[in-house]
Amino acid sequence: MSEGPRVFWEIFNERGALLAFFGALGGAVRSAALKTGWKESLRVVFIGSATSFGVGVLGPVVLRPWIGEIPHGMTGALGTLCASAFLVGLVSVTLIERLIDGKGKETANGE
């Protein structure tokens, strides 16, 4: 029996789907708050979802400088992971755009 399908289901399991959903929800909230058009909204929702899925269970660790220390044992709790995925989805587009703009300015200035 091959390991291919088993590895696929280990990566794309229910927890990953929940993280992607809450990341998309964070992107949708950002789009609604900024009143973006439908094309921009689709882009933001996709980036929020993909980023939250990619960051995965490391979300609480990545957000620690902004949200503070999480009590021991709560880092892996589903509610904590979903809340951090929402926050990652909410801010991911802004962080990615700033990263890209920062790199563009450095090359334009010759640094």
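Modeller: Ground rule before we start: a helix here is a DSSP run of H or I with at least four residues, and helices are numbered from the N terminus. Bear in mind too that this is a predicted model.

Biologist: Fine. Which helices supply at least two residues each to the lining of the largest pocket?

Modeller: Helix 3 (38–55), helix 5 (64–67) and helix 6 (78–109) do. Helix 6 gives the largest share of that lining, with seven residues.

Biologist: What makes 64–67 a helix?

Modeller: The run has to have at least four residues. Helix 5 spans 64–67, so it meets that cut-off.

Biologist: And what does the chain look like overall, in helices and strands?

Modeller: There are six helices and zero strands. Read along the sequence, the pattern is α-α-α-α-α-α. Of the 111 residues, 26% count as buried.

Biologist: Back to the pocket. What is its volume, and which residues lie nearest its centre?

Modeller: The volume is about 260 Å³. The lining has 13 residues, and L63, W66, V88, V91 and L95 lie nearest the centre.

Biologist: How do you find empty space like that in the first place?

Modeller: You roll a probe the size of a water molecule over the atoms, and that shows where space is left. To be called a pocket, the set of points must be open, because a set the probe cannot get out of would be a cavity.

Biologist: What is the make-up of the lining: nonpolar, polar or charged?

Modeller: It divides into 11 nonpolar, two polar and no charged residues. Val, Leu and Trp count as nonpolar, so L63, W66, V88, V91 and L95 are on the nonpolar side.

Biologist: Over to the surface. Why is F12 called partly exposed?

Modeller: Partly exposed runs between the buried cut-off, under 20%, and the exposed one, over 50%. F12 has a relative accessible area of 41%, so it falls in between. You'll find F12 in the loop between helix 1 (4–11) and helix 2 (14–34).

Biologist: What makes F12 eligible for a nonpolar patch?

Modeller: A patch residue needs over 30% relative accessible area and no salt bridge. F12 is at 41%, so it clears the area cut-off; Phe is also one of the side chains on the nonpolar list. The patch itself is V7, F8, W9, I11 and F12, with about 530 Å² of accessible area together.

Biologist: G16 next. Is it buried or exposed, and how do you know?

Modeller: Buried. The relative accessibility of G16 is 7%, and the cut-off is under 20%, so the label follows. G16 sits in helix 2. It is 66 residues from C82 in sequence, yet 10.0 Å away in space, C-alpha to C-alpha.

Biologist: And A28, buried or partly exposed?

Modeller: A28 has 31%, which is between 20% and 50%, so it counts as partly exposed. A28 is in helix 2 as well, and its C-alpha is 8.4 Å from that of L42, 14 residues apart in sequence.

Biologist: What about the phi of K35?

Modeller: K35 has a positive phi of about 55° although it is not a glycine. K35 lies in the loop between helix 2 and helix 3. At 75%, over the 50% cut-off, K35 is therefore exposed.

Biologist: Now the charges. Why can such side chains pair at all?

Modeller: Side chains of opposite charge can pair when their charged atoms come close. The count here is three salt bridges.

Biologist: What makes E40 and R43 a salt bridge?

Modeller: The cut-off is 4 Å between a side-chain nitrogen of Lys or Arg and a carboxyl oxygen of Asp or Glu. The closest N and O atoms of E40 and R43 are 2.6 Å apart, so the pair qualifies. E40 and R43 both lie in helix 3, three residues apart, about one turn of the helix.

Biologist: How far apart are R43 and E97, N to O?

Modeller: 2.7 Å, so that pair passes the 4 Å test too. The pair links distant parts of the chain, R43 in helix 3 and E97 in helix 6, 54 residues apart.

Biologist: And how do you know that E69 and R64 qualify?

Modeller: Their distance is 3.6 Å, N to O, within the 4 Å limit, so they count. Salt bridges with shared partners join E40, R43 and E97 into one network.

How values were computed. Residues numbered from 1 in each chain as written. Predicted model: local features only at pLDDT ≥ 70, side-chain atom pairs only at ≥ 80, totals over all residues. Heavy atoms only, no water. 1 Å grid on protein atoms, 1.4 Å probe; cavity = no way out; pocket = protein on both sides within 12 Å on 5 of 7 lines; lining within 4 Å. Points joined across faces, edges and corners; volume = space filled by probe spheres on them. Patch = residues over 30% accessible without salt bridge, like charges linked within 9 Å, V, L, I, M, F, W, Y side chains within 5 Å. Areas by Shrake-Rupley, 256 points an atom, 1.4 Å probe, with all protein chains shown as cover. Buried < 20%, exposed > 50% of the residue type's maximum accessible area, 1.4 Å probe, protein only.
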